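Hi,

Here is the model I promised to pass on. Have a look at it first, and my notes on what turned up are underneath.

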2 protein chains.
Amino acid sequence: MNETQALDALGALSQETRLRIVRLLVTAGPEGMAAGAIGEAMGATSSRLSFHLTHLEAAGLVQSRRDGRSIRYSAVYDALSGLIAFLMRDCCQGHPEVCTPAVAALSACACPSPEPAA
Amino acid sequence: MNETQALDALGALSQETRLRIVRLLVTAGPEGMAAGAIGEAMGATSSRLSFHLTHLEAAGLVQSRRDGRSIRYSAVYDALSGLIAFLMRDCCQGHPEVCTPAVAALSACACPSPEPAA
DNA sequence: CTTTCATCTCAACCTATCTTGAGACATTAA
DNA sequence: TTAATGTCTCAAGATAGGTTGAGATGAAAG
C-alpha cells in the first residue's frame, strides 16, 4: 500500500458511519451483507448508505457483487491489513515503541501469533 | 482508544500534509522538531502549518512544548500504537486474516519481535 | 524599551463532504 | 407486461475542511 492508497483508506475510515460499516462487514465474513441489511443495521436511508458504500468501495476497503435483487458488500481483508501494515511500517522505523505495544495488544485477541514467512 | 478517539486520529491522518508531519515527527524521535523546521521540511506557510499542527495536537497524535522562541512538536507514540491496536482489535475479531498479514509484514522491519507482556 | 524572530490567530474564500428527497434502473414475481 | 422490490443516481442545500494573507502575541537580543 502506497501513501495515496493509505490516505484514501484513512479518509474512508474517518467517518463514523463508514467505520461502523467496515466493522460490521468484517464480522459478517466473506459472504458479506446485502446493502439493505447494512442500511437497517446503520439506520441509514438507502441514498445515504449508497453514498458511503460507494466511498468505501472506491477506497478499496469493501467490494460488491450482485446477488439477485440485492447487492452484497463484503470487507476486503487485504486492504485493511495493508493499511495497518502501512501505519506500522511508517511509524516503526527505528521506533519500536510505536508498534510493539500494538502487537502486544493483539495477543489479547483471538488471533494466532504471527508465523515467520517462508 | 475508543471509537471517537479513533475517528479523530483517522481524520487527522487522512490529510497528506498531516500524515507527512507525523511521519517526520516519528523519525525525529522524542525531542521532536521546532515548528519552523517542520514547515521548512513540508514547504508550508506558517499559517498553514499551524493549522495542521493544531489539528494533530487536538487529535492527540502530537504534543508541543515551548523551547525559547521556538515551539517543539513531537509524536505521541501511545496515540499511534493505540490507533493501530484499535484497528487490529476491531478488525481482528474472529478474522485473523486481517491482522496476521500486518503483523507478518512487521517482521520485515527493524522492530524486535513482540515479547509476551509480563 | 525597541527590535527581531518564531509562531499563532483571525477573517475571508474556496472546495470537499455529507445529507436529503425524488426519481431512475435492474431484477424478480405474477 | 405489469407490479413490486432493492439499490443507485442526481440535484440541492447545509456543514466541515483547507489555504491564504494580514496582523497579533510571546520570547529573546541589543
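Let me start with the DNA. Bear in mind that this is a predicted model. DNA strand C is surrounded by 22 residues, and the closest of them are A:S47, A:G68, B:G36, B:S47 and B:S50. If you want to see which elements make up that surface, look at α4 (46-58) of chain A and at α3 (35-42), α4 (46-58) and β3 (70-75) of chain B: each supplies at least two residues. The top contributor is α4(B), with five residues. Sorted by class, the surface near DNA strand C has 13 polar residues, five nonpolar and four charged.

Now for DNA strand D. Around this strand there are 22 residues, with A:G36, A:S47, A:S50, A:S70 and B:S47 coming nearest. Here α3 (35-42), α4 and β3 (70-75) of chain A, together with α4 of chain B, each put in at least two residues. It is α4(A) that gives the most to the surface near DNA strand D, with five residues. The class breakdown for this surface is 14 polar, five nonpolar and three charged residues.

On to the fold, using chain A. Its secondary structure comes to six helices and three strands, and along the sequence the pattern reads α-α-β-α-α-β-β-α-α. Chain A has 118 residues, of which 41% count as buried. Of the chain A contacts between residues at least 6 apart in sequence, 54% join residues at least 24 apart.

The three strands of chain A form an open sheet in the order β1-β3-β2, with antiparallel pairing. β1 (33-34) and β2 (62-67) of chain A are the edge strands and have a single partner strand each, so one side of each is left without a neighbour in the sheet. β1(A) and β3(A) run antiparallel and are joined by two bridges; A:M33 has A:Y73 in β3(A) as its bridge partner. Helix α2 (residues 16-28) of chain A lies across β1, β2 and β3 of that chain, at about 90 degrees to β3(A).

I went through the chain B sheet in a bit more detail. Three strands of chain B make an open, antiparallel sheet, ordered β1-β3-β2. At its edges stand β1 (33-34) and β2 (62-67) of chain B, each with a single partner strand, so one side of each has no neighbour in the sheet. Two bridges hold the antiparallel pairing of β1(B) with β3(B): B:M33 stands opposite B:Y73, and B:A34 stands opposite B:R72. On the other side of the pairing, β2(B) and β3(B) are antiparallel over six bridges, and B:R65 is found opposite B:R72 in β3(B). β2(B) and β3(B) also form a hairpin with two residues between them, and B:G68 in the turn has a positive phi of about 70 degrees. Helix α2 (residues 16-28) of chain B lies across β1, β2 and β3 of chain B and runs at about 90 degrees to β3(B).

What about the core? The largest nonpolar core has 67 residues, and those touching the most other members are A:V22, A:L61, A:I84, B:V22, B:L61 and B:I84. Helix α5 (residues 77-92) of chain B gives the most to this core, with nine residues. If you zoom in on B:L61, you'll find that, leaving out residues up to four places away in sequence, it touches B:A9, B:A12, B:V22, B:L56, B:A75, B:V76, B:A79 and B:L80.

One last spot to check is B:G60, in the loop between α4 and β2 of chain B. Is B:G60 buried or partly exposed? B:G60 counts as partly exposed because 18 other C-beta atoms lie within 10 Å, and a buried residue needs 20 or more. Apart from neighbours within four places in sequence, B:G60 is in contact with B:Q5, B:A9, B:V76 and B:A79. As for B:E16, its C-alpha is 17 Å from that of B:G60, and the two residues are 44 apart in sequence.

That's the tour. Over to you!

Cheers

Terms used. Residues are numbered from 1 along each chain as its sequence is written. Chains are lettered from A and ligands numbered from 1 in the order in which they are written. This is a predicted model: local features need pLDDT of at least 70, side-chain atom pairs count only at pLDDT 80 or more; totals for chains, interfaces and linings use all residues. A residue is near a molecule or strand if its C-beta atom, placed from the backbone, lies within 6 Å of it. Helices (H or I, at least four residues) and strands (E, at least two) are DSSP runs, numbered from the N terminus. Ala, Val, Leu, Ile, Met, Phe, Trp, Tyr, Cys and Pro count as nonpolar, Asp, Glu, Lys and Arg as charged, and the others, Gly among them, as polar. A residue is buried if 20 or more other C-beta atoms lie within 10 Å of its own, exposed if 12 or fewer, and partly exposed in between; C-beta atoms are placed from the backbone. Two residues are in contact if their C-beta atoms, placed from the backbone, lie within 7 Å. A nonpolar core is a set of buried Ala, Val, Leu, Ile, Met, Phe, Trp, Tyr and Cys residues joined through C-beta atoms within 7 Å. Two strands pair if DSSP finds at least two bridges between them. Axes are lines fitted to C-alpha atoms, for helices over the stretch in contact, and angles run from 0 to 180 degrees between N-to-C directions.
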